[in-house]
Amino acid sequence: MLKTNKILLLNFKVLFLFVLTLWFPDSKAQGLLFNSNDSLLTKRTSLHVFSSDVPVFQGHLSINFDLALWDNAHLGYVFNLADKESSYSLSYLYMDGAGYLNFNIDRQSNKIKIPLEASLLKKEKWMKVKVDLDLNGDKVTIYINNKLYRADGLGFNGKIPGNLVFGKNQYYTEVPNMAIKNLTVSDDHKSYVFPLDEWKGNQVHDQQGDVTGLVENPVWLINGSYFWKPVYQQSFKEVAGLNFNTLSQNLFIFKRDSLITFDSELKGSAAIAYQNKLPVSMVLGKSIFNAKENKCYIYELFDIAKGMPSVAALDMNKNSLKWETIGRTILPQQRHHHNIFYDLKQDTFYMFGGYGAYSYYNAFSKYDKASHRWERVAFKGDAITPRFFAATGNSDNNDELFLFGGYGNESGNQIVGGKQFYDLYRINLKNHTIKKCWAVRPGGKEVFVPANNLILSADKKYFYALCYPHEIARTEIKLYKFSIKDGAYEVVSAPIPVTSERIESDINLFFNHKTNEFYCTIQEFTDRINSTIKIYSLLAPPVSSAIYFSSLRPQKRSSAALVYVGVAAIALLLITGFIRIYKRRHNVSFSVSENDTALPPERKCAEKKRNTIYLLGEFLVFDKNGKDITYLFSPKIKQLFILILLNSRDGNGITSKKISCMLWPDKDVAKTKNIKGVTFNHLRNIISDINGIELTFLNDNYLFKINGDFFCDYFFISAIIKVNQARNDQAVLAHFDVISRGTLLGDMPDQWLDDYKNNYEEQLTGVLQPELKRHYDAGDLKLVLDLTKLILDIDPFNDTALKYQLKGLRKLKGIDYARKVYEQFTIEYKKSFGTEYHPGFEKIIQ
């Protein structure tokens, strides 16, 4: 029965993935943007929906699509439909401050004129368009967001060929600023669905993946929603700061003598001189914008001469641009990467956290305009650990704001080290209370902190944050999407390269409601004065990496496959119900041994919380209640625990003398008795709350007795590797979520661990490396890249992993991207070995 249960669970997983694949074929649609009248005639976009084997529609023809229009200057044609006798078009005209859609019998008459509300004429503001041609009744009905318009007397004769062209066509070259997506063309007998989710090329695929149409000069929107677009860059030989004007929806940069405004719609910048000199001598250039007053407050917390202005306000009205000195107070130490935000009425701004003088902070302070001082403010509720590099932003409650993540520690003392936090708090500025929402842990070796700001999604169910590993000088930053409910997250953009070699470097995330774009601003300092400011834009909504990569190769679906969705769904429900009943009646629990032929998904690392220790990636320990007790393990207790645990695997344990020599090598064995006894007592107390593991002393050896209640990911994967080596199956890949957490005890440099680490890494590499060719040949490029990343983390100069990484990247991201990865590899290789790497790029990717 155990084997039967395992098979059912495996079938459950397969069916679940199958249903998802078939049930949500359109979830990635982004659309096609048209090069308009602003472009040269030869560069304008033309979409021929049916480029060959043009179907003939009879009785009626329905054309449904989503349309975005943001043209306030031109005449242009949305689509043209032609037969031998006549042609019809849906055109757009902006005139006298208003926009209109017009349905025309070309070169004869305008049959319908549809006024469009000004709120609809915005980029990425989608409207539902349905054009229904009654070919027998000689009528046309048009719906714009379900609002109906009719006309008759069009000259239809019962049928019409699908010579449907969007944008530039054989009759007209005028194209408005527009985009379309989710196109469906149908009659009573046939239907063609076009998600328009391609990412490159001139071919247009229908929902089944068949090429039916061609497009000239396409701009595929999915690229703008995944790849950040650089829109501004400038170097400064003085301290400069930046912020976002929520009123004008423009970014601005303030210098000592002038204000630079970046126009979000025109993607251009202009500088205007102040009426008076900026009174504050800028050190970090920190600021906060006040929409209520239309002022930007800049402030410095430290390194300002005593008595000199430290807070000033700039009137942002164009006719003013005048500075006013507000205050002269400073703090006794700097607060790098703190958070700044306003109260509900935008009368007072608050500061939280930060780093300075070898300390992390978790205090809330507000700036009192009357006394011109920073005053501590007490908050009730859950305590927030001292940290810097946190993100704050609006919440789904007007009285609250969110605070997410950061880096620090419980004590606030940098001397004891720091760690990343992945927790979310609600901060109520009305009642001065704090509530912790959740804390999550990234998988594998992923570590990150957020940039300064977080952005709430339109439906208020998620928030977006820019995240990156701040301790790496040359790294990458990506946009993440987090669930407010439970912290589940995904990456929703391609990376941006970042150089953060100085603590003054600063990164911000803003959202422009006018253009529906995210803005990433990066200020990279080369010294305390000189910096470069870069601005990147990303169209909303952003798309996940999984969705983007699935768009690289349109998947051909047979229409017959869709018939099985219902059958698969029913089977899925039956299997789910059977598994639940079976487990309740038989109280099934799974354990892994080297004799197992199938490995149950219940053992997935992400789901295992009780009586568990993780040695792969981040060291974690959970007690019998699922509580994280990792914090109880001081460095010495952790060393003792792991030393005994690793030596208990073969049932032999480790002698007391050997423990003393390895953990206290600078002391005589006799003199370690007391300190060792204290450490053992602490360890016994800690593990008393973990079921399935017991510390024993037998034949002068310490060892842990372990039973099935206790789970260790390292033991688990080691057993699977042994099974894999003996039977040549792919069991390891079934638990890729476990091995991808990271290397064995990567945060512990102790030499006595080297043999364990080397053996594990050699065995794992030996199992994974043969899988590269098999999965590459099978076309599973995502898995290939995941495998190569894991192997290269273990062995950074593994030739085989490099080969398949480059071959996979070439197919997924193009040869130029793959070449850049190769060039970076050769640079690191030369740094490590002092010689050039061979073979060359072209030879590797053959």
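A disulfide, for the purposes of this talk, is a pair of cysteine sulfur atoms within 2.5 Å. In general terms, a disulfide is a covalent bond between the sulfur atoms of two cysteines. What we have in front of us is a predicted model, and applying that cut-off to the model gives a count of 0 disulfides. Two of the cysteines can be described a little further: cysteine 296 is buried, with a relative accessible area of 1%, and cysteine 467 is buried as well, at 2% relative accessibility.

Let me step back to the whole protein. There are 846 residues, of which 54% are buried, and the secondary structure comprises 14 helices and 53 strands. If we take the contacts with a sequence separation of 6 or more, then 58% of them are accounted for by residues 24 or more positions apart.

Next, the aromatic rings. How many aromatic pairs does the count come to? The count comes to 70 aromatic pairs, and one of them joins phenylalanine 825 to tyrosine 837, with the ring centres 4.9 Å apart and 80 degrees between the planes, an edge-to-face arrangement. Phenylalanine 825 belongs to helix H13, which covers residues 815-833, while tyrosine 837 sits in the loop between H13 and helix H14 (841-844), so this pair ties together parts that are 12 residues apart in sequence. Phenylalanine 825 and tyrosine 837 are both buried. Elsewhere, ring pairs link a cluster whose members include Phe402, Tyr422, Trp438, Phe463 and Tyr489.

Rings also meet charged side chains. Lysine 113 lies over the face of tyrosine 100, at 4.4 Å from the ring centre, and arginine 649 lies over the face of tyrosine 714, at 5.6 Å from the ring centre.

That tyrosine 714 leads us to leucine 616, since Tyr714 is among the residues that leucine 616 touches beyond four places in sequence, along with others including Asp713, Ile717, Val738, Arg741, Leu744 and Tyr760. Leucine 616 is placed in the loop between strand S48 (612-614) and strand S49 (620-622). Is leucine 616 buried or exposed? Its relative accessibility is 0%, and anything under 20% is classed as buried, so leucine 616 counts as buried. Between leucine 616 and leucine 744 there are 4.5 Å in space, C-alpha to C-alpha, although the two are 128 residues apart in sequence.

For a contrasting position, consider lysine 478, which is found in strand S42, residues 474-483. At 28% relative accessibility, lysine 478 counts as partly exposed. Setting aside neighbours within four places in sequence, lysine 478 is in contact with several residues, among them Cys467, which we met earlier, and also Ala465, Leu466, Val491 and Pro495. Proline 495 is 17 residues from lysine 478 in sequence, and their C-alpha atoms are 4.7 Å apart.

I will finish with a helix pair. Helix H5, residues 635-648, packs against helix H7, residues 673-687, at an angle of about 75 degrees and with the axes 10 Å apart. The range 65 to 115 degrees is the one called roughly perpendicular, and therefore H5 is described as roughly perpendicular to H7. Which residues meet where H5 and H7 come together? On the H5 side they are Lys636, Ile637, Leu640, Phe641 and Ile644, and on the H7 side they are Thr679, Phe680, His682, Leu683, Ile686 and Ile687.

Methods
Residues are numbered from 1 along each chain as its sequence is written. Side-chain values use heavy atoms; hydrogens and water are left out. Rings of Phe, Tyr and Trp (its six-membered ring) pair if their centres lie within 6.5 Å; planes under 30 degrees apart count as stacked, over 60 as edge-to-face and the rest as tilted. Helices (H or I, at least four residues) and strands (E, at least two) are DSSP runs, numbered from the N terminus. Buried means under 20% relative accessible area, exposed over 50%, partly exposed in between (1.4 Å probe, protein chains only). A charge sits over a ring if NZ of Lys or CZ of Arg is within 6 Å of the ring centre and within 35 degrees of the ring normal. Axes are lines fitted to C-alpha atoms, for helices over the stretch in contact, and angles run from 0 to 180 degrees between N-to-C directions. Angles under 35 degrees count as roughly parallel, over 145 as roughly antiparallel, 65 to 115 as roughly perpendicular and the rest as oblique. Contact means heavy atoms within 4.5 Å.
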